[in-house]
Every structure is written in structure tokens, then in C-alpha cells.
Amino acid sequence: MTLYPTTVATILATALGSATSLAHGQQAPARTTALTEAPAYLAGRLTGTVTNRATGQAVAYASVAVLTEAGAPGTGSTCGDDGQFVLPGLAPGTYTLRVSFLGYQDLVRPGLVIPAAGGTVALGTLSLVPAPQALGEVVVTARRPLIEEKVDRTVYNAEQDQTTRGGDATDVLRRVPLLSVDLDGNVSVRGSQNIKVLINNKPSTITANSIADGLRQIPADQIKAVEVITSPSAKYDAEGSGGIINIVTKTNTLRGGSLSLDGSGGTRSGTLNLNGGYRTGKMGFALGGFGRAGYNTPGSFTNDQVTTNPVTGRQTRTTQTAATRQNQLFGRYTLGWDYELNPRHFLAASLAYGTRNATTYQDALATGTTPLTTGSTATSERNVKTTDESGTVDASLSYTHTYERAQRELSVLALFSLNDRTYNFNNDIYAASDATTIGSAGNNNPSANQEVTVQADYQTPTGENQLLEVGVKEIKRTVRSDYSYYGQLARTQADNSFRYDQNVASSYLAYTVALAKNFTLKPGLRYEYTSITADYGSGPVGDIPNYGILVPSGSLLYKLANGNALRLAYNRRIQRPSLQFLNPNLQAANPLIQTQGNPLLHPEFTNNYELGYSTLLKQANLNFSAFGRTTSGSIQSVRTPLGDVNYPGAVLVSYANIGQESAYGGSAFVSLDVGSKFSLNGGVDAYYAVLRNRVTDPAYSARNAGLVVGGRLYGSYALPRNWGLQVFGFYRGQQLQLQGSQNNFALYSFSLKHEFAQKKGSLGLGAENFFSPRNTLRSEITSPLLTQRSTSVQHLTSFKVYFSYRIGKLTVQPRSHKGVQNNDLKTDENGGGSQGTGTTPDATRPAPAKVPAAVVPAASPAK
């Protein structure tokens, strides 16, 4: 904010006058002189769209800066994927705009006037002229905002946040508006874990079994941005009641002639990352290797439950206590290639390999089992070791053809993804009141999840301010799970295998049209047909019918005269069960809580409604949204006491399409930048949830309802001599479950960073939860057949040191290419999700003068 001399004089005069009057016990007189009357004004803003003059395509990530009449730096920003920018909070005056990007000539636009009345000055389309000659090093000082509200998504620019350094993707997602992440890494959008996580606009089987486990494989230091979409159009797969989350890594941004090394070491984890790129002529390469190790994670676990046998009515109480610890080792290695055949034909390919090795221990797990009819207690002690190892290969190839007519484009994409996972557990019973139970028992479960996807998309203008989009897609999935048992488990469980084949063929039609009086309408229709076959090694699973579904979607955008925006959206979605829900393998690492999937599950059906409003109030960007969501045929867990003599008091957890879910709520978010040094961002999410099943038997019928509240706060301050300070806080309120609840928790972190060598290198210190060394998470379940109270204690206090250094300099920006999105699988509520999403209008991005922003899709939208 700029303070004019008159304004400064007014502040000083008023303060001195007030102080003098108050010192004599008198009331300060009213201001009447010109000296004490400050001129009132409203802040203005500049908006526009940066394009390539030769092709008409948007120039993503171009730097836009404003200079005062005296040539002093004012404010600055970076264009989004669609080439659009907004520079808010400008005081009345005359400015010079400078737009620059590697590989283009700078564009300078002097004499831009912000009137005293404020408002938006729309510059329309700003065309950059390509400059193929070699460029010297360019230092860009404009800071990209931490949160951006775009027309169809909320974007969190993770590279601006130093408090996540040394962590993984779960630490980043906790900072993103609309998202909630529990202490186990399970992600939800507005209370729904039915989400799909994409990596660089592409699905990956790395998250097919567990989103929580997959996110731990992605280092936070390599995440450029996180995009949240809550109301996808018809071009997206017809899935998901929660949302689509797209994680954009730094390997997909500027590269060429550069090499960077960064890492961290701390009391809980350490990282080491290497990223390099090279570009020559029309071809570019990028190579990255990222690794993370987690260690020194002590904790404890207690469980107290009473089960009622549904046949005999007899009750059994069981108690458990154990010390816990975990070791983790994750890696991800990437290779990227792109080639410009000519100015209108592009090829891109990528290959990635991810690996994980996680070992979890429950040491000295003490169990006491007491039938309440007799009062005698049987005891045992064991060590439990669970190993979870996997390797994931993702390969993609895309071709894009642009036409002379702006916005006309054809793309063809293919993706291959394979995840090999082995999940084993071993119970080593070394002491027991019944000596016959002493010994080992366990399960080995190797599995594989493969996806092959092909799709073609075409878009073209059909008239002024109208856009037609059509496409076809097919996904072929093959899932295999082999499982075997030994020890005590082998007495009751037989070895077997499971194979599940699923084909999804789809097509879509979407149409965008600008109506009169600043209205933009985008209806869409998508059809998907799903065919399924499944069998055990010993025979067929049963009759699983094929099905087709027609899903409509629509959004209406209204842009107000002051540049603010109001948006209404609706879509219908389905949610297919993933392997975690289908796998018939019995998981009994803890024999008192055994889990088994159901291969006969059907998809869920969801209706989503959303209303959003965005505005700019002086230097603050404000965003509000309200939503409603109803789901039928929801996949819910079913807990049944086993009544097995080998496992008295044990409970079997399975799944069935018996649930009905409703959620109604909203969110508010504010982003405030005070000058170029201080920024503050915060938001709150709240919704009222109603969960119930459709079971008529009173022993299994359940219903729960209540208000859930969460929020986050982020602040940063630029200190002198290239030092910077950042703080973050996150709160998640009590969570509802169908038969119980889980208590609230809070997390916070602090980071201090120093940049050197012209910002090519940095050193930093970080601390997390330093005032609360332990976090206690309590879960309660209450039903006619089961009452359960579990407590998990985690030691979260962490201190770390991190570093980074870059050599070389970037030369050109590879063209961004469309990706493939398979956002259609519901994953386990204990570590997974699915998707479906809500679009928020962008009040900070008013329409350009010639083509409304709502008609121009984001550059290279993913499918």
C-alpha cells in the first residue's frame, strides 16, 4: 500500500492532536482543516491475459510487474496456467506495466491509470513476441500468491511455503483450503474421503491401495502446487463425491540447463533430492531423484472394547496396550521428454518409478480377554511386525495439435500404470496363559494393480464466445491379489487368490456459451459403461452385473460490474470401490480387529450442489462457498463380533452398500498481502453431516449427525538481508463416524530461512509442535453389539535443518501438455479416497476485453 505525503501528515497530525487532548482530559475536536482531512480512495487492480503472438496460445507463468512513475518497484505476480493475471491493491495513480518471460521479448505498457474511485482496469490480451536468441540470466522478484482462486479450481502454491520442507505431500495438503488431513494421512474434502489424487494431471496406481501411503512417497520439497477441484465438468471421469486433487511437481515446470540439490535432516525424518534438466533446440529432457526416510517415531496404543455375541448374547471384554514405532523409506525417480515437431504439433512423454518400504511395530502388545459371564481373564503378549513394500511404474505419451483458429485443439493421450505391492504381517506370541497359542501367526499378501488408459479430446469455438468440447476414453484395469496364512491363522483361513478385471468406456460433450448481462453457462453430459469380471483361484466370485450411467453437469457464472464473481454448479457422480474394499484377503495383524473386503460391492451415487462468491476488499482477497452433497448406496463398514473360540472378543470389519450420507456447509478464506514483506492467509470450513445406514435390524442399525469445523492460518514475513520467517497452524475438529467419533487435534510449525549466492542457495531451520510433544487421538464406537474406545499417542515434536542449491540457469519453458485423469475409484476410509469436485469463481480474474475468461479454458486442462 502506498502512503502519500498528505496521508502521512494526516496520520501524524491526528495522532498528536488526539494525544495532546487526551493528556489534558479533553475530547479531541472534530477534524475540520484540510491538513487533517485524508483523501479517501479505493484500491484498484489490473487484470489481463498474456498470450504468444505467433500461436495465440496462453503463456503460463509469465512474470508481470508494476512500476511507479518514478520507476520504483510496485507490486508483481505470475500468470496462471491460462495466462491470466491480477494485480490487486493498487492506489490511485499512473503506472507502467512490464511483462516478461524467458524466450520472449519484454512487453512494456506505460501510462496505466488507476482512478481515485478504484475498480478494475482490464487490459485484455497482451501478446508477447517470441525471441529465440539466447537469453542472459533473469532475476524475477515478483512473489506468487500462496493461494489462487481460479475459475475452476483452488490452487495452493506450495513452493512459497517453507514450513513443509523436509516433509511429504501430507504436510503440504494440510495447508490447502477445503482439505483436511488426519494424523494417519487420510485426506478428505469437505468431510468426504471419496477423492482422487492425481500427479501432474495423471492418475497413478501409487495411490490405488491407499492414498495416505501414496502421499508419503512424494517429498514436499518437490511439490510446486496443489489444485483442488470440487465440481468437475463433463470432461472429467464421472466419479467422486469429495473432490479431485492434482499435485503438480517441480519436474513439470521450467527446466533446461539447470541442476538443483536440496535435502534436510531432523529428529524425525531426512530427505535428499536431485533435479536436473537440459534443453537443446526443440527437445527437452528432465531427470529427478527424490528420497525420504522416516525414523524415530515412538508412540503408544490402547484399546478397550466390549462385544456382544449376536447369537448367544454373551459379552466379552478385551483390553490391549502396546508401544508403537515405525520406519519408512520412500523414493521417486522421474524422467521427462518433450519435443516440438513444429509450432503446432507437440509430443511429450514421461516415465516415473516410485518405491516404498514401511515397517510398523507394536512392541509387547498385551491382550486381556474376559468373558463377563465367568470373570476369568486370558492373557497374551506378542510382538507385531507389519511390512508394506511396493513399486510403482507410471509411463505416459501425449500428442497435441493446435490449429490456426484460437482455442481449437486436438490431443491424444495414453497412460500405463502398474503397482506391485506386498503387505505382510507377523504375530510372534511369546507369552500366554494358554501355552498352546504360543508361536507365530501371519499373512503374506502380494498384489498388483494395473491400469491402461487411452483418450482423445477435441475442442473448437462454434461462434463468438462459444466453445465445444468432446472426447472419448477407455480405462482397462486388472487387479490381482494372492494371499496365504500360517500359524494359528492357517487353522481357520485357506490360501487363495483374487482377480478383478474392470473396463470403463466413456464419452462426453461440454458446451460453454457467454450469455447476455455477464452470464456464462457451461452444461455437460457424460456417459460411462462399466463391465466387470472377477474370480477366485478356486472359482468365480459371483454375478457382478455390468452397468451404464448418464451423468449431467452444469455451471452458471455471473460476473458483477466490479469484477467480483458468483457461481452456481451441479453435477452427478458415481464412486467405484477400489481394491482396498474389494480384496477378500483377511487382514488380522491385530487379531481383535480383523478386516476383509467384499468383491460384490456396487458403486455409490452422489449429487453435488455448490454456490461460490469471490471478491476483493482493498488488499484482501475473499472467497466464500456453500455446498450440499447427498450420497446413496454409500459403502460403509460393517462391524460384526466373530464369536470364534480362537479369537474371543474379536470383531470382523467388512463393507456393504448400505449407507446414506448428506452434508451441508460452507467455507470462507481470506488472503491478505501487506506490501511486499508480509502476507497472511487463513480460512475456516464447517459442515453439518448426517450419516445413516439402511439396516432394519436394530442390532446393526446406526445413525449419527453433527457439526464439524476446521481451519488453518498461514503467515510469512520477509526480514532484512534475505532472511524470511514463516508460521503455520492447522486445526481439525471432532470427526463423525457412522457409529462414533474421533476427537479434535491441532498442528503448527515454524520456519526460518536465509538465502545466499543471489538466491541460488538457501539454509533454513524448522520446528513443529514444539510446545506439545505428544498428540493423543481418541476414537469411540457405540452400538448394540460393540462398544470400543481406542487411544493412539504420537510424538510429533520435530526439529530440522534443510538446505538447497541450484547451478545453471533456465532457458525456455516447455509447452504444458494435457494429462490423463482416472478419477473414479473409492479407496479405503482408513487410507484412501475417491473424487468429485466444486468450482470456485475467480473474482481476481475478470474477463479479458475480447473473450470472457469463462469461455477460455485453462491452458492444457487435464481430462
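# Exercises on a predicted chain

Asp-388 and Arg-421 form a salt bridge (a side-chain nitrogen of Lys or Arg within 4 Å of a carboxyl oxygen of Asp or Glu), with 2.5 Å between the closest N and O atoms. The model is predicted: local features need pLDDT of at least 70, side-chain atom pairs count only at pLDDT 80 or more, and totals for chains, interfaces and linings use all residues. Residues are numbered from 1 along each chain as its sequence is written, and side-chain values use heavy atoms, with hydrogens and water left out.

## Exercise 1. Salt bridges

Task: Place the pair Asp-388 and Arg-421 in the chain, and state whether the two residues are buried or exposed.

Solution.
- Step 1. Asp-388 belongs to strand 21 (residues 378-402) and Arg-421 to strand 22 (residues 409-432); the pair links distant parts of the chain, 33 residues apart. Helices (H or I, at least four residues) and strands (E, at least two) are DSSP runs, numbered from the N terminus.
- Step 2. Asp-388 and Arg-421 are both buried. Buried means under 20% relative accessible area, exposed over 50%, and partly exposed in between (1.4 Å probe, protein chains only).

Task: Compare the settings of the pairs Asp-363 with Arg-325 and Asp-501 with Arg-499.

Solution.
- Step 1. The closest N and O atoms of Asp-363 and Arg-325 are 2.7 Å apart in their salt bridge. Asp-363 is in strand 20 (residues 345-371) and Arg-325 in strand 19 (residues 315-342), so this pair ties together parts that are 38 residues apart in sequence.
- Step 2. Asp-363 is partly exposed at 22% relative accessibility, and Arg-325 is partly exposed at 38%.
- Step 3. Asp-501 and Arg-499 meet through their side chains at 3.0 Å, N to O. Asp-501 is buried, with a relative accessible area of 15%, whereas Arg-499 is partly exposed at 37%.
- Step 4. The structure holds 16 salt bridges. Lys-235, Glu-469 and Lys-522 are linked in a network of them.

## Exercise 2. Two open sheets

Task: Which strands stand at the edges of the sheet with the order 3-2-5-6?

Solution.
- Step 1. The sheet is open, has four strands and pairs in the antiparallel sense. Two strands count as paired if DSSP finds at least two bridges between them.
- Step 2. Strand 3 (73-78) and strand 6 (107-114) are the edge strands; each has a single partner strand, so one side of each is left without a neighbour in the sheet.
- Step 3. From one strand to the next, the twist averages 25 degrees. For such angles, axes are lines fitted to C-alpha atoms (for helices over the stretch in contact), and angles run from 0 to 180 degrees between N-to-C directions.
- Step 4. Strand 2 (residues 63-68) pairs with strand 3 over four bridges, and Leu-67 has Pro-73 as its bridge partner in strand 3.

Task: In which sense do strand 1 and strand 7 pair?

Solution.
- Step 1. The open sheet here has three strands in the order 4-1-7, with mixed pairing.
- Step 2. Strand 1 (residues 44-52) and strand 7 pair in the parallel sense over eight bridges. Asn-52 stands opposite Leu-128 in strand 7.

## Exercise 3. Positive phi

Task: Where do Asn-722 and Asn-769 lie, and how exposed is each?

Solution.
- Step 1. Asn-722, a residue other than glycine, has a positive phi near 65 degrees. Asn-722 lies in the loop between strand 35 (703-719) and strand 36 (723-732), and is partly exposed at 41% relative accessibility.
- Step 2. Asn-769 is not a glycine either, and its phi is positive at about 50 degrees. Asn-769 is in the loop between strand 40 (761-768) and strand 41 (774-782), and is buried, with a relative accessible area of 5%.

## Exercise 4. The chain as a whole

Task: How many helices and strands are there, and what share of the residues is buried?

Solution.
- Step 1. The chain has four helices and 44 strands.
- Step 2. Of its 863 residues, 53% are buried.
- Step 3. Among contacts (heavy atoms within 4.5 Å) with a separation of 6 or more, 69% are between residues 24 or more positions apart.
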